[in-house]
Amino acid sequence: SVLAILALVGSCSALLVGVSPTHAVRVAASPSMACNGGKGGSGGMAPKKDKDRRGKLKKLLYVADSANHRIRAVSPQGEVRTVAGNGTAGHKDGQGHSAQFFYPVDVAVDGDGLAFVADRANHRIRKVTSKGNVSTLAGSGLNGVVDAKGVAAAFSWPNSIALDPSPRAPIYVTDTFVFRLRRIQRDGTTR
C-alpha cells in the first residue's frame, strides 16, 4: 500500500510517499527543498547542527516509526535520526533511547517543538520534548473510553493526532474502535 503525506518542514514543503512493505519514505516532489529520498539509518540523538540556539529541533519532519517503536526526525537533506524510543515494544517514560513506545502511529509538533505521539498499542498520548524527554500526557494504558486528567484517562487504540501549533492550544486525537474524536488540554485533561 502507498501513503502520501504533504509535509511542511520548517519553511520547506515536500510530498513524501511511504511505501509498504518496505517502509521506505521517498520524496516525490519538493518544490522548495533539496531532498534526495533519505540516507536511512537508525541514527543517534539529533546533533547540535539540527538545533537552534535554544536547543529546539529545527526544520525536521517527525515520523512515528510504528514497527520499530521509535520516533524519528528526518532533516531536509534526508538524514534520519532517532529522537526517542529504544526499539523494544513497551511503555516507559524517560530520556531519548531509554523511553519505550508500543506501535506509535502519528506525531504532531507544536510551535515550541513539543511532539505529541499517538502511542496506539499503549492506549496513551505521549509528549516528547525537543531534548528527547518522553512523558505520558494522557492515558492509563487500559483500552477504554474515560474522560479524565492525565493517567486517569483511557483511550481505545488512538490513531491520528492533530493540533493548532500555538503553545496552549488543545490536541485532538481519534480513537479508532470507538469512533470518537477526543480533545486533550495541555495539562492532560481529556474530553
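Strands (E, at least two residues) are DSSP runs, numbered from the N terminus, as are helices (H or I, at least four). The model is predicted: local features need pLDDT of at least 70, side-chain atom pairs count only at pLDDT 80 or more, and totals for chains, interfaces and linings use all residues. Residues are numbered from 1 along each chain as its sequence is written, and side-chain values use heavy atoms, leaving out hydrogens and water.

**Exercise 1.** Place Asp65 and classify its accessibility.

Solution.
- Step 1: Asp65 lies in strand E4, residues 61-65.
- Step 2: Buried means under 20% relative accessible area, exposed over 50%, partly exposed in between (1.4 Å probe, protein chains only).
- Step 3: Asp65 has 17% relative accessibility, so Asp65 is buried.
- Step 4: Skip residues up to four places away in sequence; Asp65 then contacts (heavy atoms within 4.5 Å) Arg70, Arg72 and Pro104.

**Exercise 2.** Work out the sheet that holds E4.

Solution.
- Step 1: Three strands form an open sheet, ordered E4-E5-E6, and pairing is antiparallel. Two strands pair if DSSP finds at least two bridges between them.
- Step 2: E4 and E6 (80-84) each have a single partner strand, so one side of each lacks a neighbour in the sheet.
- Step 3: From one strand to the next, the twist averages 35°. Axes are lines fitted to C-alpha atoms, and angles run from 0 to 180 degrees between N-to-C directions.
- Step 4: E5 (residues 70-74) and E6 run antiparallel, joined by four bridges.
- Step 5: Arg72 has Thr82 in E6 as its bridge partner.

**Exercise 3.** Describe the surroundings of Gln185.

Solution.
- Step 1: Gln185 sits in the segment after strand E14 (180-184).
- Step 2: Its relative accessibility is 26%, so Gln185 is partly exposed.
- Step 3: Beyond neighbours within four places in sequence, Gln185 contacts Leu137 and Pro170.
- Step 4: Lys149 is 36 residues from Gln185 along the chain, with 8.9 Å between their C-alpha atoms.
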